[in-house]
Amino acid sequence: MKDLSVEVIARVEGDGGIQVIVENNEVKDVLVDIFEGPRMIEALVRGKTIHEDISLVARICAICTVSHRYVAIKSIEKALKVEVSEKVQLLRYLMHLAEYVESHVLHVYFLAVPDFFRQPSAIALLPTHQETVIEAVTMKKYGTELMKLLMGRKIHGENPQIGGFGRIPTNEELDSFAEKAVEYKEWISKFIDVMATLDIPDYCERETQFMCCNPPNGNFGFEGDSILISTGEEYPVEDYKKLTNERVVSHSYAKRSKYNDKPFSVGALARLVLIGDRLTGEAKEKFDKYYNEKWKLNPIYNNLAQAIEILWAFEEIPRLIEKIKPLPDAEIIVSEVKDGFATAAVEAPRGILYHTYEIKDQKIINADIITPTAQFLDDVEQYIKVAAEKLLKEDNPDTELNLEMIARAYDPCISCSCHMVKLVKK
Amino acid sequence: MWQREKKPIVGVFGFSGCAGDQLAILHMEDELIDFFTSADIKFFHMAQSHQEVDHVDVALVEGSINTTRQLKELKEIREKADVFVALGTCATHGGIQFLGENEKEFKERMEYVYGNDGKVPKFMDLVGDPLAARPLSDYIEVDFVVPGCPIAKENLVPIYTKLISGLKPVKYPYSVCLECKYQGNDCFLLHGKYCLGPITAAGCDARCPSLNVPCVGCFGPFEAANYESMIDKLKEIGLTEEDAKRKIMMFGGSASEKALGGMKK
């Protein structure tokens, strides 16, 4: 029997492939290969100033550029003990939510869903599902335009600075986004009901561990100073090394992680498993309606988890804008660059993102960045192994597509992780 | 509806980078459906499932070359493409990860990121051997460039529509500084604050200075960049020569390295 391979995983960000090595009809090994070349961002920010650093690290990834810039700013401000005003804090939260809309809509509608209709792209769905495709494009535009307002442009905006924003948006600019969110909420709500009717394949079920940031005050959200684990443990973000144990493997320029010597998951599914009961409003209703124990076993549910988070973002954005509007504008706080060391974490759309910096003599002297994809790649390989064993036994003709769907469900961010399915039968 | 008999065949390819230039295409929400229907997009693996191509009329290529595998693929794309367009600063200049000839720094960075007790593992043939990052033009002939980190729609759309219509695009031979004047912004440099607008390729409408944030040079240097005068000005406002060069090299890549390497110190 020959090995199986998906040479290049399509509809993901960055370059990867999957190899499943088969010997005597048994799956011997699964390798999610990352061909994306090494950029070594942690090394190149050494010797740079803190301001240069935030421009550079945002460019690790275009899809989650906000998360990278945001967590870098948080980490550096923590090291320098800078406290920004409530307005700046809330505007940062808003720009992070904008990224969730942009990234999740892109993934759910354009990258993941076409598989369920056996189509090569969302554009190929135009003749049959024109209304849904146009709603998707419109919601994505909403996310990118809100990012543009707060970041200064859709990708790699320089407006968020250490200590504040270059330009603070006006209340009128914010109002239009609050109004549209109310309208688009209905679209995603309807789409969640459609997604819930799609057949979720059960060839990739196994138990795993989950991790996510613990947002303060028992709220749902996308950042926190400690990490919750499905084992019931909780650790401060400063213990990130113990939680990730990063290592290098020879088939990938992305590093790998394990906790308790076992793979783990991060991302929308992990968040809903661990803190989904903290959701509010219609998002909570959908969660209560569709969430069940199967979600914990099957990464394909990540797509539905992301859709519920889009709904939650559309509910949260108008509430947040109402809080922001009465607050006074704030100038950028320029603080003295002292020596320091700090770790911060946020939830990027695809999972926990850690940035650690050591600052000495006005420069960054050490940096450690651990991306979500570097954390969950081991878990992806394990799910693909379970699925490949089952699909090979059934002699399933769509084995490669099905394996690719598992990788795609995680929404891997390969540019980020440099630092996806090929089955090779022997 | 009228349709051309044969639409031009287009491929969108990506090497090392943040995928921001491919994403910038997907972020043109208003033009997105036109983009996908006005040409025959045969290859765009970020947006659609993989398709083999043996020829493209236009190749749009982002990212720098960081592995031997990528170098081989780059040469294949060049052979298959009639017109080759480099998208974004990684492709045109090497990007933030540019290392060029600096093998020593390359080795140090590999050890810092991938090393275990100072030893970097051998990567499998399949993923290719690592290379010090370089722009595409260091290896192949590039026909047109679209600058930006990431590219701006305002640059891409005119070039792309001309190319798929069989016309020759025009270049942008000026700097961010000119666009900043058009925007009516106050000048950072005149107020003693650093800004790389005078040497940076235009096309962003002076976005950052318009937000009261200095230009970090993310579009890379424009063709007629006057480095000597830029460095003199930065020194005048209090930066050291080392600071000035480091800031220029953040996005300056191969072009700035050549220029700075050749200047008297």
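**Figure 1. Helix α10 of chain B spans only 13 Å between its end C-alpha atoms.** The helix covers residues 241-261. A straight helix of 21 residues would span 30 Å at 1.5 Å a residue. In this predicted model, α10(B) bends by about 135 degrees at B:G252. The residue at the bend, B:G252, is one of those buried in α10(B). Others that are buried there include B:A244, B:K247, B:I248, B:M250 and B:F251, as well as B:G253, B:S254, B:A255, B:S256 and B:E257. The buried residues of α10(B) pack against three elements of chain B, namely α4 (88-93), β6 (130-134) and α9 (227-236). They also pack against α2 of chain A.

**Figure 2. Chain A touches chain B through 52 residues on each chain.** Several elements of chain A each supply at least two residues of the side that touches chain B. They are the strand β3 (26-34) and the helices α1 (41-44), α2 (50-58), α4 (86-112) and α5 (126-151). Which element gives the largest share of this side of chain A? The largest share comes from α5(A), with four residues. By residue type, the side of chain A that touches chain B divides into 21 nonpolar, 15 polar and 16 charged residues.

**Figure 3. A:K148 lies in helix α5 of chain A.** Is A:K148 buried, exposed or partly exposed? A:K148 has 18 C-beta neighbours inside 10 Å, so it counts as partly exposed; a buried residue would need 20 or more. Leaving aside neighbours within four places in sequence, A:K148 is in contact with A:R153, A:K154 and A:G157. A:V237 is 89 residues from A:K148 in sequence. In space, A:K148 and A:V237 are 30 Å apart, C-alpha to C-alpha.

**Figure 4. Helices α8 and α10 of chain A cross at roughly 70 degrees.** Helix α8 holds residues 268-275 and helix α10 holds residues 302-324. Their axes come within 8 Å. Because of the crossing angle, α8(A) is roughly perpendicular to α10(A). On the α8(A) side, the contact is made by A:A268, A:L269 and A:L272. On the α10(A) side, the contact is made by A:N302, A:A305, A:Q306, A:I308 and A:E309. An α-helix has 3.6 residues a turn, so residues three or four places apart point the same way. The residues of the contact of α8(A) with α10(A) divide into five nonpolar, two polar and one charged.

Note on methods
Residues numbered from 1 in each chain as written. Chains lettered and ligands numbered in written order. Predicted model: local features only at pLDDT ≥ 70, side-chain atom pairs only at ≥ 80, totals over all residues. Axes fitted to C-alpha atoms, helices over the stretch in contact; angles between N-to-C directions. Parallel < 35°, antiparallel > 145°, perpendicular 65-115°, else oblique. Contact = placed C-beta atoms within 7 Å. Nonpolar A, V, L, I, M, F, W, Y, C, P; charged D, E, K, R; others polar. Expected span 1.5 Å × (residues − 1). Bend = angle between axes of the 7 residues up to and from the residue. Buried ≥ 20, exposed ≤ 12 C-beta atoms within 10 Å, placed from the backbone.
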